[in-house]
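Please open the model in your viewer and keep the selection panel at hand. The tour moves from one selection to the next and says what is found at each stop.

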Amino acid sequence: MMTGAIAACAAVLPLSLADVARAGEVKSLASFQCQQVNGYYATVAVSRDGRTAPLIAWSSEEFSDSGYTPQRRCADVTSRFNSVLRDNGNNLRNIYLTVGPVNRLVVLCHTSNTRSGCNRSNVLFTLSQRNQRSGDPQEILENLFNRRVLSSGNPVQESGGQPYVNLETLINQLF
């Protein structure tokens, strides 16, 4: 069973479903991988010591008609997360996630600060219609990332009315 996260396009898996070793801060992340977890394709964070924690479970078939099956979305988005990690010197510091419009679609994107927004060059993935419904960026981010994980710390920051999730804090909370 999935918790209310990236609902129609994906979901953050509850930690009980993950093959996660002891909780603790991740000093450095080795990579993201696309794996099958409990019958779903999932973008999984992998620490340097081999611990894993699922970040996004891809379950929606909404984009399948255009060739973006859950498996393909998992592979594509996982590759984008790895590119962001690599471009940032293989560290999570100063990587923020936010939502915004690009080409009249609402997307999740990455930025290097809490003053930037989404554009064609920083898109991670397009949100499903279900995830776009509220229209409130703060609520969308809270729904994308498990509220339980977010409530255990404060990875959501607001700058000029735009919410941002600190990826380093989010990953550390998953582990």
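Begin by selecting Cys-74, which is buried in this predicted model, its relative accessible area being 0%. Add Cys-34 to the selection, and you will see the disulfide that these two cysteines form, with their sulfur atoms 2.1 Å apart. The pair links distant parts of the chain, since Cys-34 belongs to strand S1 (residues 29–37) and Cys-74 to helix H1 (residues 70–87), 40 residues apart. Cys-34 is partly exposed, with a relative accessible area of 31%. The angle about the S-S bond of Cys-34 and Cys-74 is 130 degrees, and the link is right-handed.

A search of the whole structure finds two disulfides, so select Cys-109 and Cys-118 next, which are joined by a disulfide with an S to S distance of 2.1 Å. Both Cys-109 and Cys-118 are buried, and the disulfide between them is left-handed because the torsion about its S-S bond is about -80 degrees.

Now move to Thr-111, found in strand S5 (residues 105–111) and buried, with a relative accessible area of 6%. The side chain of Thr-111 reaches the backbone oxygen of Asn-113 at 2.6 Å, and among the residues that Thr-111 touches are Asn-94, Tyr-96, Gly-117 and Tyr-164.

Finally, select helix H5 (residues 167–174), where six of the eight residues are buried, including Leu-167, Leu-170, Ile-171 and Leu-174. At the start of H5, display Asn-166 as well, since one of its side-chain oxygens comes to within 2.9 Å of the backbone nitrogen of Glu-168.

Notes:
Residues numbered from 1 in each chain as written. Predicted model: local features only at pLDDT ≥ 70, side-chain atom pairs only at ≥ 80, totals over all residues. Heavy atoms only, no water. Helix = DSSP H or I, 4+ residues; strand = E, 2+ residues; numbered from the N terminus. Buried < 20%, exposed > 50% of the residue type's maximum accessible area, 1.4 Å probe, protein only. Polar contact = N/O pair within 3.5 Å; in protein donor to acceptor, adjacent residues only side chain to side chain. Contact = heavy atoms within 4.5 Å. Disulfide = S-S within 2.5 Å. Lists of a residue's contacts leave out its neighbours within four places in sequence.
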